[in-house]
Amino acid sequence: MAENATASTQELERAALDSLAAAKSESQLEEWRVAYLGRRGELSTRLRSVGSLPPEDRREAGASLNRLKISLTAAFDQAVSDTSKSERQTVPSDAFDITLPGRRGNLGGLHPSEMMMREILGVFNDMGFQTVEGPIVELEIYNFDMLNIPADHPARDLQDTLWVDRSSKDKILLRTQTSPMQIRTMEKQKPPVRIVSPGLCFRHEATDATHEWQFHQIEGLAVDEGITMSDLKGTLYEFARRIFGTQRKIRFRCDYFPFVEPGVDVSVDWNGRWVEIMGAGMVHPKVLEGVGYDSSKYTGFAFGMGPERIAMLKYDIEDIRHFFSNDLRFLSQF
Amino acid sequence: MKVPLSWLREYVDVNIDVEELAHRLTMAGNEVDSIEKFRHIDNVVVGKVLQVSPHPNADRLRLVQVDDGEGTHEVVCGAPNVAKDQMIAYASVGAVLFDPYSDEDGKTTKLRRTKIRGVESSGMVCSEKELGIGDDHDGILVLPASSPIGTPIGDVIGDAVLDIELTPNRPDCLGVVGVARDVAALTGETLRFPSLDYKTYGPNVDDLAKVTVADGDLSPRYLGAVIRNVKIGPSPEWLQERLLAIGERPINNVVDATNFVMFELGQPLHAFDYDKVKDHHVIVRRATEGEVLTTLDGVDRKLDTESLLITDPNGGIGLAGIMGGENTEISETTTNIFLESANFNPQNNRRTAGMLGMRSEATLRFEKGLRAGLTEVAIKRCLRIILAVADGEVAPGLIDEWPGEGTEQEHVDLTRNHIHRVMGVNYPVDQVEATLSALGFEFAPLDSTKNNGWRVAIPYWRSDIAIPEDLVEELARIIGYDDLPATPVAGQVPRWEPGAKHSFRNRVIDALTAFGMRQTITYAAIADELEAKAPPPAPRPGSSDSTASLKLENAVSGQHTTLRRSLRAPTLESAARNTRTWRAPVALFETGLVFQSNPDPNDPLPSQNEQLTGVLTGPRNDAAWGRDSNNFDFYDAKGAIEHVMEAIGIEAKFIPLEDPSYAQGKAAEIVTNDRKGTPIGTVGVVDPAIWERFDAVTENAAMFELDIEALRGIVDDKTRADSYSPYPRYPDSQRDLALVADIGIQVGDAIRICEQNRLVKSASVFDVYEGGGVGDGKKSIGIRVIYQSDNRTLTSDQVSRAEDQIVRRLEHELGVTLRS
């Protein structure tokens, strides 16, 4: 008996759906609703008769009829909405307002520093430089000593340090540059090396429109046999073309960083003036020897740049302090 | 380092304009920070007095007609010395002049058009003081008759001062001669080295004084000379002007002479009152612990055993290379002088000066390391100057204690191969030799062919030359980098190394930005008060994680004293601040390192783990027609998590969490949906009391945190990539369940029961409703169930049977019934 009840429920469903498909106007739909879903409609009638079934079948039959009611109601709602849509197409077009704004999602976005870093890293990744990252809280020896900046060296004045624990055996600081990743990488890896390493750096500096005590840096390092200053120029020239535009030129001028020799400051031509965007140079033989590389066999170049400074140039941002203020009025422009 | 052009010109001809000179120096490594046109003032030009007539309303004022080359101007002038046909400095309206009547040094005022006693004065005839070139304000400055009318005043009386920001490797350029040497090399001019000749008289210096260097490691060379019968007094004008031009205060002729030589050659010197040095015996030794010296600024300096002291048999008379002692200071009554020109250990000098807080012009030079040879050149030059400005008789000979003799590197071998190896190009032999010569380097060919390279002697003024690369840089900086070719890096691209952290992070970040959130980056060090507003999560019970925070020893400000232990407070703070200025949705997240002391004794560094925190608050959408205008709630934050999990291919489940940062009962811990149940984050409604602390204008906020390190570990540990699985080829059936449940029933439990049925592909909640028609304490739940088999088409009966099983379990296990 239960089998029969189910079977007849299935038949009812088919019949109802067939006739619903045939209903083309709102009045036909209303007739259909009364016939199947109305208080005296087919479904209600059958539900009322469930009580007359044998007790062991009632439950099954009731449940399947209820399910049918739900699915027929849904089908009816769909048919009504489809019909009204097709009828609305006959409404004159001047009543349709295309100037109403569209339904949009919310646009998320990257922080401009992240955006700039991805762009820069992408350029170097394409040239075979792999991205590596390292600790922000760093040992003094990596941040200074192994970069040819021993204790009591005046070059330490160039980078005022924020100390975490100066009294411990391994003096601990907030890295002042991403250059420690040169050492960490070379300690782990034999030449050839080509890496770029982004991340936060910190200096004990007064803050103003062009100075922040926290900033990002991107370090680059290439070590192999036969790497020269000309290769450094070629690599950075390509970088400048891709980040600043294909017509951009770069310029080297002599500068001093203890872990390179010769050292240079790199400028890019920007609206008719030269703007310094990074420090670079040939890795100092002492640095190579310090990590166990044979400096008579290998040479290398290194460079370091500040993505915020480059973003300031590209997007005409007047104050570096915007970057970590996290104001949506700033962030939403990127 | 300030370098007046007039001083520079004593040693080298400058035939290019000052801007070009500054540019060339900068390109060669001596960056000219600014060119101070010392006496250049805008809107002040050379003018000619055409006529002088009385002021109609004032006896002491006169009306002066001035021609400035562009026209005639009538100026009211009170100066007694103004006269017809004088060439004068005429300031027109807008000129910024020094205020001669102000007590405040260097106060300037802008010249405006004014009426003086009823007559309008269009400009001013300036005094020395108004131009800032002297103290005279008794009358106007009268210029040479040859001065061309209309010329900017700076071109007539000005002297440009180059302010050079020197790098620490170039102490030679802390002397004007050093800069002149670079200028000569860069412009093809010849250096005119100043004269070292002087006359001597009387007994030999060895009969007058004695020097003992007890600690030769800290004082490799010590030279002494004696000058008798000097006349202490003010320096002559030329010497005072030299010092004033670089901002140094003249003291007396002998002290000024030592300072002059320091700024000329880069070697600090010190003059002692010879008669106050006990036994005329100078002993250079380490101080004893706690030994005190009163330096000539009158301060008692307490020293340690690493402080190098200049002493006589009675005790300290000077702090080596830092400052002299008060007891042997040159005074008006001094007649005989002991002059010191010494070489001190740079690290030790820097250490002691740093310890005592006494960085000075002397330590600025000593700390960079000077060569021993410079002492001899400088003392001779200084003796010559002292004779010229203070008379006296120089005793013949020099005391020369040189314990470090023979320890300095003497030469560097530079091969042509090495130049090529570093630069990628080779310079012609002639160019190399010409450049080295221009810089004053002496060299000889390494071998007879002359083509392989050179043995280059390190000159006494260059302490920074030690390896061939240093000489390569000398060549490159003088020759210039402009012609250097730009070549790509050749050779083998390094083998790819796994473990890149950023690529995984980027997937998470991109999922969140696609979800509509914005990335923030805050400071890694924050104030304790900020962290206390939303404390980091407590450590897991039984875990060894330490939660001690790390303080900075020298924070830049009270706002940034402590390394953050979580991103909660900073992200909540960013979100709250934005609610006050941003009317659209505020949905922010930050990824970054958080820091805690490390329990591992073998790792000196603190733990630095990557975390992600997101906060959503305020309206879910911009106010717009047809859009939901509700506020963000728990389920938005949970949705963000689900979005990320789908993007990185991790199945997560949410289990109830008690965390004081979240509102009671409205928080979940996120764990992996596997046997391990690895914790990967939390999500919840921020506890209202905590949110209130951030002064937001929104009433509540939802927050989530993800442990990026843990997620990265899980993704890295996956043995297989998430592989494609063929979608089922047989049709599915969709059935909806309308259920009624007690209000306390968790919908997740109902979904789980549905999904546990083997014919069910998925089950999703399409409606949850409480209130009218449902009954008190009840809620209605609509669940859409998709039935599907991988190997056959399900019949309606099969689906119905499965559905019945589900309904029975729902009723049996949860008391959830079909809605009738």
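Student: How much area is buried between chain A and chain B, and what percentage of that area do carbon and sulfur atoms give?

Tutor: This is a predicted model, and the size of an interface is often given as the accessible area lost when the parts come together. On the side of chain A, the residues A:R67, A:N106 and A:L328 supply 8% of what that chain buries against chain B, more than any other three residues. For the two chains together the buried area is about 8500 Å², and the part given by carbon and sulfur atoms is 54%.

Student: Which residue of chain A forms a salt bridge with B:R505?

Tutor: The count of salt bridges between chain A and chain B is 5, and a pair belongs in that count if a side-chain nitrogen of Lys or Arg lies within 4 Å of a carboxyl oxygen of Asp or Glu. For B:R505 the closest N and O atoms are 2.2 Å apart, and the partner is A:E133.

Student: Why does the distance between the end C-alpha atoms of helix 8 of chain B agree with the expected span?

Tutor: This helix covers residues 253-265, which is 13 residues. The expected span takes 1.5 Å times one less than the number of residues. That rule gives 18 Å, and the distance between the end C-alpha atoms agrees because it is also 18 Å.

Student: How many residues of helix 8 of chain B are buried?

Tutor: A residue counts as buried when its relative accessible area is under 20%. Residues of helix 8 of chain B that meet this include B:N253, B:F260 and B:L265. The helix is mostly covered, the number buried out of its 13 residues being 12.

Technical notes
Residues are numbered from 1 along each chain as its sequence is written. Chains are lettered from A and ligands numbered from 1 in the order in which they are written. This is a predicted model: local features need pLDDT of at least 70, side-chain atom pairs count only at pLDDT 80 or more; totals for chains, interfaces and linings use all residues. Side-chain values use heavy atoms; hydrogens and water are left out. Buried area is the accessible area (1.4 Å probe) that two parts lose on being put together, summed over both. Helices (H or I, at least four residues) and strands (E, at least two) are DSSP runs, numbered from the N terminus. Buried means under 20% relative accessible area, exposed over 50%, partly exposed in between (1.4 Å probe, protein chains only).
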